[in-house]
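Here's a quick look at one helix pairing and at the protein surface beside a DNA strand. Have the model open while you read.

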Amino acid sequence: MPDTKPTLMVIDGHSLAFRAFFALPLDNFVNSEGQHTNAIHGFISMLLLILKNERPTHLAVAFDISRFSFRTREFAEYKGTRAETPPEFKGQIPLLEEALQAMGIRTISKEDFEADDILATLAKRGVADGMQVLVVSGDRDTIQLVNGDVTLLYPSARGVSELKRYTPDTVRERYGIEPHQYPEIAALVGETSDNLQGIDKVGEKTAVKWVQQWGTVDEILAHADEIKGVVGNNLREQQDRALRNRRLNRLVDDVELPIGPLDLARQPIDEGKVRELFSQRLQFRTLLDRVLAQEGSGAEGEIAPAANAPKAPAVHTMVDEELATWLERQSGDVAVHLERTGDALAGIGLSTEASSAYVPYQAGTGDYDALVAWLAGDHPKVLHDAKLQRRWLWAAGLELEGVVLDTRIAAWLVAPTALAKTYELDHQVFAILGEAMPKPDPTQLVPDVEPSATATIAWYVSRIAGPLRANLDPGTLGVESDIELPLQPVLTRMENAGVAIDDTVLARIHATMREKADGHARDAFAEIGHEVNLGSPKQLQTVLFDELGMPKTRATKTGYSTDAKSLADLQESSPHAFLGLLLQHREATKLMQIIETLQKGIGPDARIRTTYDQTGSNTGRLSSNDPNLQNIPIRTDVSREIRTAFVHGEGFETLLTADYSQIEMRIMAHLSEDAGLIEAFHSGEDLHRFVGSRVFGVDPADVTPLMRTKVKAMSYGLAYGLSAFGLSKQLRIPQSEAKQLMLEYFSRFGGVRDYLRGVVMQAKDDGYTTTIFGRRRPFPDLHSANRVLRENAERQALNSPIQGSAADIIKRAMLAIDAQMLEEGLRSRMLLQVHDELVFEVAAGELDRMTEIVREGMGGAADLSVPLDVAVGVGPNWDAAGH
DNA sequence: TGTATAACGTA
DNA sequence: CGTACGTTATACAC
């Protein structure tokens, strides 16, 4: 016979959320504001599963209001052994309650009572109202609630997603007693997690035996005289404990509540609120999907369009006059999105929030004059990843001007620390609008190209543009419009230009390195008597620590380090020819590998092209990839040879490199307004010599190389948050000496210390740091209770304005130089940016003028209280031009 | 086939 | 126990 009784489910929210908190990694669940969400995610995920399996008709989640209740008043140490609730957890509870409410689920709490008392009360009243009751709790005390109408679902040790069912039968089977007797046992045995001490030497077996014989603690104590031995003595002496425990673990089942079981009938979710909360604040993409699916408003596996989501305007496919008319009619921002088939431009989508147009593009097949002029004109346009799309347009011979917002850049500027994928359009659409963008059917091998798709994508761009822009503070808006957007065409010119490579140089070095590597490998194998894979840290560990019995090095996650520094240390402590051969082999193979990577990137025109990622860093720097040209070796003589392969192309006269000297120290001098450091940069004296003379109290001429090394390490380390410990390690000096050095340094350059401290304090207050030009970086972890996280955030926070301002400055320099080159119609080209360095290819006859433009552009990129020093070099290849 | 780790190149 | 990046090979899970 089907069970037609209504089913009431009551959940202990706190205990289950707490389990979820420890079951899911904290770091993987953080929203862009730094709010942790792992407990919320785990709880809701589990809740959905239970709801699906149990299908309750009535539902409530109970929460503790605080850790204090009538129990702590009776026994102050109740639950006293519990560690302070992690703040990362605490902050999640209000949000969880909000989410549950949005999902139409009642949350209940009651001053002075614990959640379990609410559960007990609702369970009892539910049964009285003729309901089946399911209690969901991670607290064993709730076993006492189990009876023929009440089942307990208890999370198993294996994780939150598996729940064990406690019915009267399973309780009998597990404990040999009736469920209502469980607290008698718990009172005798004690409960460590509640800080309730039991009777010494009484474990579960003894307690069960007594309860089976006498039934309750009271009765057992009445017969205490009959119990022999040590446990009998203990029981008589410690009976107060048992009585107290029994009082405390009895759940109160008549708590006064504003609502009863019958008020808890399942409610429909508030779809708008759920969408808003899950997409914007919690950033749970798949969970939202599941919540909505459960509600029956959409199929599993895809997010239903929001009930109130605007429908995409019909797309008009246009050419000729119709298109011209449409373009003329637009007064505000228009979103543009391109479509390609293969490498060819195939179509252009144009959209405002109200109107969409699609232009199939095939050069020479129609009249595109109006569109081409419009794209090249200053009508305001919005694109997602405008740098990429401009590149596509340029490839088709079309210009693009008037870009007023790049939604990808804007997303990065407000959250530069987020995962790369969160800057993708579909993520932004979901985060801002709570809507899933339509995706091509993945089961179609050749996806149908809906004529509407490209314009509809543009429509989504146009809809996120407003909210994104509204989200930008004036400083960030300035960075977007004055730095990042104008930089895009400059970067694209650089990417398109590439840099000429002399492959014969690379091939020669590669061959030399191959010989070296092979020889060193052979000799290394001879040393140990067998072959190993020298590229495998795991195999090397076996050789070094097992076979050769060398002392253990720095621990890594998987064993002991075999990095170059560890090997060098080993060579000192326990010299072995194998070590040196291994190091040399590493160096040779590393260079081979670098060369091979470069060779793969050489185009048919003998030039190599990188892609700059404008959203690739947390600080505002560019990153370079595919291949990365910002980490070409320079430090050793052999490795520098690789740079001789970077040459000027045919028709050009030379390479020119220009780099900022000590730009980060100069920025520190400017920001800190430290008089000593500012003087250092105005004095014309070598910076480290000047600082050394101050720190060691000698004439600049008497600063020894050792002194210079020390202050140099200190100066550079400053901007990274270097500690005395780190300084001592780097300089191989005692920690006390490092500390002394820092003290001396700061006694002469106290402004620097004050500034660095101030940056962190300001960031703690504001929640973010700011560069000279207004670029922000948020730092949620500055308030973390986790020391490692917090101190990491502190170092990042003190470094960010420095590194970020340097990034701003060189970007501004690039803009100025590019503009000047264009204005003068020069043929020379900017090729590379390596954080504080620019590389140019100089056309015949332009060297003198280029040198001036570069010096002026870089030197004048910021107005600091110290000069920006620029070092320029010229030569046939990157090595020769460098310094 | 994809992911994590160790290692190492740059500013 | 010094910031910011990208790429590679190996090892291992699937």
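## Helix packing and the DNA surface

Asp482, Ile483, Glu484, Pro486, Leu487, Val490, Leu491, Arg493 and Met494 of H21 touch Asp808, Lys811, Arg812, Met814, Leu815, Asp818 and Leu822 of H34, contact meaning heavy atoms within 4.5 Å. Sorted by type, the residues of this contact are 9 nonpolar, no polar and 7 charged. Helices here are DSSP runs (H or I, at least four residues), numbered from the N terminus.

This is a predicted model, where local features need pLDDT of at least 70 and side-chain atom pairs count only at pLDDT 80 or more, while totals for chains, interfaces and linings use all residues. Residues are numbered from 1 along each chain as its sequence is written, chains are lettered from A and ligands numbered from 1 in the order written, and side-chain values use heavy atoms, without hydrogens or water.

Now to DNA strand C. The surface near it (a heavy atom within 4 Å) draws 4 residues from H34, the most that any element gives. Its residues split into 4 nonpolar, 23 polar and 5 charged. Of the strand's atoms within 4 Å of the protein, 76% belong to sugar or phosphate, and the rest to bases.

Three side chains have polar contacts (N or O atoms within 3.5 Å) with phosphate oxygens of the strand:

| Residue | Distance to a phosphate oxygen of DNA strand C |
|---|---|
| Ser536 | 2.4 Å |
| Ser723 | 2.7 Å |
| Thr597 | 3.1 Å |

Ser536 and Ser723 are also among the residues that come nearest to the strand.

Conventions:
Polar contact = N/O pair within 3.5 Å; in protein donor to acceptor, adjacent residues only side chain to side chain. Helix = DSSP H or I, 4+ residues; strand = E, 2+ residues; numbered from the N terminus. Nonpolar A, V, L, I, M, F, W, Y, C, P; charged D, E, K, R; others polar.
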